[in-house]
Amino acid sequence: MNQLVVKEVSFNGDQLMAVQDQLSNKVYVGVKWICDGLGLTEGQYQNQTRKLNDDIVLSKGIAKMQLPTPGGLQEVLCVEIDYLPIWLAKINANIIEDQDVQSKLIEYQLKAKDVLSKAFV
């Protein structure tokens, strides 16, 4: 994946790091940015990365890519946006007690893929 276009995409008041592979035309989003946007703790973020790697379907839609971070260019876990709704749907909104976080998760589940896709059109 040498031909990458990297963009910061504003969604729901959050900044998500997204990348398009010009060779395959696929769009990916940084998992850390999604988890931060949702307000997940570091432990919950680690749990989500483990779930992405261990899931038979979701593992087909992840890739590690070099993206700019506050600490410089780093290899980060990304999920292809076609797999984003599947991953997010596996996070049960019913078990989240904080109503704001629950509402935010539902917004991500329903709309994040479309906003990220449009950023590269």
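1. A helix, as the word is used in this note, is a DSSP run of H or I that spans at least four residues, with numbering that starts from the N terminus. In helix α4, Glu107 and Lys111 are 4 residues apart, which means that about one helical turn separates them. The side chains of these two residues meet in a salt bridge, with an N to O distance of 3.3 Å. Glu107 counts as partly exposed at 27% relative accessibility, and Lys111 is likewise described as partly exposed, with a relative accessible area of 41%. Please keep in mind throughout that the model is predicted.

2. The charged pairs deserve a point of their own, since side chains of opposite charge can pair when their charged atoms come close. The structure holds 7 salt bridges, and some of them share partners, joining Lys32, Asp36 and Glu42 into one network.

3. Another of the salt bridges pairs Glu80 with Lys26, where the closest N and O atoms are 3.9 Å apart; the cut-off for a salt bridge is 4 Å. This pair links distant parts of the chain, 54 residues apart, with Glu80 in strand β5 (residues 72–80) and Lys26 in the loop between β2 (14–21) and β3 (27–30). Glu80 has a relative accessibility of 9% and therefore counts as buried, whereas Lys26 is partly exposed, with a relative accessible area of 36%.

4. A further salt bridge is formed by the side chains of Asp55 and Lys90, at 2.6 Å from N to O. Because Asp55 lies in the loop between α2 and β4 while Lys90 lies in the loop between α3 and α4, the pair ties together parts that are 35 residues apart in sequence. Asp55, at 16% relative accessibility, counts as buried, and its partner Lys90 is partly exposed, with a relative accessible area of 48%.

5. On helix packing, two packed helices are described by the angle between their axes and the distance between the axes. The axes of helix α1 (residues 31–38) and helix α4 (residues 99–118) come within 9 Å and cross at roughly 140°, which makes α1 oblique to α4. On the α1 side the contact is made by Ile34, Gly37 and Leu38, and on the α4 side by Val101, Lys104, Leu105 and Tyr108.

6. Which residues does Gln48 touch, once those up to four places away in sequence are set aside? The contacts of Gln48 are with Cys35, Leu40, Trp87 and Ile91. Gln48 has its place in helix α2, and with 8% relative accessibility this polar-named position counts as buried.

7. Two asparagines call for a look at the backbone, given that most residues other than glycine have a negative phi. Asn12, in the loop between β1 (4–11) and β2, has a phi near 55°, which is a positive value in a residue other than glycine. Asn25, in the loop between β2 and β3, also has a positive phi, near 70°. As for their surroundings, Asn12 is partly exposed, with a relative accessible area of 37%, while Asn25 counts as exposed at 52% relative accessibility, the cut-off for that label being over 50%.

8. On the surface, Ile56, Val57 and Ile86 make a nonpolar patch of about 270 Å². One of these residues, Ile86, is found in helix α3 (residues 84–89) and is partly exposed, its relative accessible area being 36%; residues enter such a patch with over 30% relative accessible area and no salt bridge.

9. A last point concerns Lys60, which lies in the loop between α2 (42–54) and β4 (62–69). Lys60 is exposed, with a relative accessible area of 63%. How far apart in space are Lys60 and Leu84, C-alpha to C-alpha? Although 24 residues apart in sequence, Lys60 and Leu84 are 12 Å apart in space by that reckoning.

Methods. Residues numbered from 1 in each chain as written. Predicted model: local features only at pLDDT ≥ 70, side-chain atom pairs only at ≥ 80, totals over all residues. Heavy atoms only, no water. Patch = residues over 30% accessible without salt bridge, like charges linked within 9 Å, V, L, I, M, F, W, Y side chains within 5 Å. Areas by Shrake-Rupley, 256 points an atom, 1.4 Å probe, with all protein chains shown as cover. Helix = DSSP H or I, 4+ residues; strand = E, 2+ residues; numbered from the N terminus. Buried < 20%, exposed > 50% of the residue type's maximum accessible area, 1.4 Å probe, protein only. Axes fitted to C-alpha atoms, helices over the stretch in contact; angles between N-to-C directions. Parallel < 35°, antiparallel > 145°, perpendicular 65-115°, else oblique. Contact = heavy atoms within 4.5 Å.
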